[in-house]
Amino acid sequence: MLTYSYFGNKKAGFCEKPVPELAQATDAVVRVTLSSVCTSDLHIIGGFVPRAQKGVTLGHEGVGIVEKTGAGVKKFAPGDRVAINVETFCGECFFCRNGYVNNCTDKNGGWALGCRIDGMQAPFVRVPYADNCLNKIPDGVSDRQALFVGDILATGYWAADIAEISAQDEVLVLGGGPTGICCALCARLRGANVTVSEINAERRAFIKKNFPFLRVAGAEEALAYCAALPRGGADRVIEAAGGEDSFTQAWQAARPNAVVVLVAMYERAQKLPLPDMYGKNLIFKTGGVDGCKCDEILRLIAAGRLDTQPLITHTFPFERINQAFELFAAHADGVMKTAVTYRGV
Ligand SMILES: [Zn+2]
Ligand SMILES: [Zn+2]
């Protein structure tokens with residue numbers, strides 16, 4: 001089958017590989033029906049993910065149909081429609097038992113698919129620990145509705161969760177890209193008032209049009225809004241921009257004793273000026289999603305409470321995935337997310 005793989009030295013491209021087989025009793029092989037291009041794919045190609053393996057098939061966000069299951073897989077059978085989790089995890093180690101599946105100590109634990117083991121920019125993918133790492137897509141939920149469940153929606157849901165958001169909280173989300181929007185939608189589900197800070201006017205217009213229940217502002221306006229709040233800042237801040245100034249804005253916009261969640265994957269070290277923030281008594285939480293609440297997310301989608309389909313601004317057949325990457329990397333044509341479709345082997 002044709003795959004889209006990472007070759008090292010900032011290169012990726014098509015590569016012929018055998019169709020994956022079951023390697024362990026707990027594996028499933030899934031026929032991919034829809035996958036995506038993610039910023040993390042660009043990070044791998046750019047050389048910012050040292051653990052990424054040369055030769056690995058890229059792609060860690062997708063949905064499909066179970067093709068084969070190992071003898072140890074109890075929850076799934078061939079023919080089941082599934083969302084595939086970005087993280088594979090054993091379910092038994094200390095970290096898994098506490099819900100910290102990103103730090104699963106298994107050799108295939110955490111973010112392995114499309115990074116350390118072959119991912120889903122290919123017509124078939126082998127998924128380790130299938131019972132933990134696949135989620136059944138409810139009837140009535142389409143592939144496009146479920147596409148982001150295993151990665152950016154899992155991230156948004158987890159970020160809103162660890163931010164300890166209550167109803168009526170003022171939440172500031174920095175970054176109005178796909179991940180920031182998922183964080184904002186999940187914060188909103190908890191009854192918070194959500195402001196998205198986004199520097200790009202085209203993206204601000206996109207959010208206004210597609211998610212009119214979110215407040216959206218440029219960086220300066222968002223900071224001024226937070227500073228004028230009765231408690232002197234946002235109750236909760238989620239930093240999903242990863243820009244030059246966004247970490248500074250995150251702690252500056254927070255009220256005293258706020259929770260600041262750092263979701264962004266920074267390419268550079270950030271400055272933590274402790275003397276300047278002394279007495280503000282902030283709580284920082286840093287991440288790497290623990291993606292173990294995907295069934296809850298799918299239930300919310302099925303109930304009509306969460307809809308990320310507008311984020312799919314462009315769709316390409318797998319044969320033209322190069323173009324999906326180029327468009328996504330260039331931020332061209334108002335792209336938010338590119339979806340990739342498959343015809344089979
Ligand atoms: Zn991703
Ligand atoms: Zn584990």
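The crossing of helices α8 and α9 is left-handed, and I should say at once that what we are looking at is a predicted model. Helix α8 covers residues 219-227 and helix α9 covers residues 246-253, and the two pack at an angle of about 20 degrees, with 10 Å between their axes. Since angles under 35 degrees count as roughly parallel, α8 is therefore roughly parallel to α9.

Which residues make the contact between α8 and α9? From α8 there are Ala219, Leu223 and Cys226, and these meet Gln249, Gln252 and Ala253 of α9. Sorted by character, the residues of this contact comprise 4 nonpolar and 2 polar, with no charged residue among them.

Let me turn now to helix α6, which runs through residues 178-189. With 12 residues at 1.5 Å a residue, this helix should span 16 Å, and because its end C-alpha atoms lie 17 Å apart, the model agrees with that expectation.

Is α6 mostly covered or mostly uncovered? It is mostly covered, in that 11 of its 12 residues are buried, and these are Pro178, Thr179, Gly180, Ile181, Cys182, Cys183, Ala184, Leu185, Cys186, Ala187 and Arg188. As for what lies over the buried residues of α6, the cover includes two helices, α5 (152-162) and α7 (201-210), together with the strands β10 (170-174), β11 (193-197), β13 (234-239) and β17 (337-341).

Finally, if you follow the chain onward from α6, you come to Gly191, whose phi is positive, near 85 degrees.

Technical notes
Residues are numbered from 1 along each chain as its sequence is written. Chains are lettered from A and ligands numbered from 1 in the order in which they are written. This is a predicted model: local features need pLDDT of at least 70, side-chain atom pairs count only at pLDDT 80 or more; totals for chains, interfaces and linings use all residues. Helices (H or I, at least four residues) and strands (E, at least two) are DSSP runs, numbered from the N terminus. The expected span of a helix is 1.5 Å times one less than its number of residues. A residue is buried if 20 or more other C-beta atoms lie within 10 Å of its own, exposed if 12 or fewer, and partly exposed in between; C-beta atoms are placed from the backbone. Two residues are in contact if their C-beta atoms, placed from the backbone, lie within 7 Å. Axes are lines fitted to C-alpha atoms, for helices over the stretch in contact, and angles run from 0 to 180 degrees between N-to-C directions. Angles under 35 degrees count as roughly parallel, over 145 as roughly antiparallel, 65 to 115 as roughly perpendicular and the rest as oblique. A crossing is left-handed if the near helix is turned anticlockwise from the far one by less than a right angle, and right-handed if clockwise. Ala, Val, Leu, Ile, Met, Phe, Trp, Tyr, Cys and Pro count as nonpolar, Asp, Glu, Lys and Arg as charged, and the others, Gly among them, as polar.
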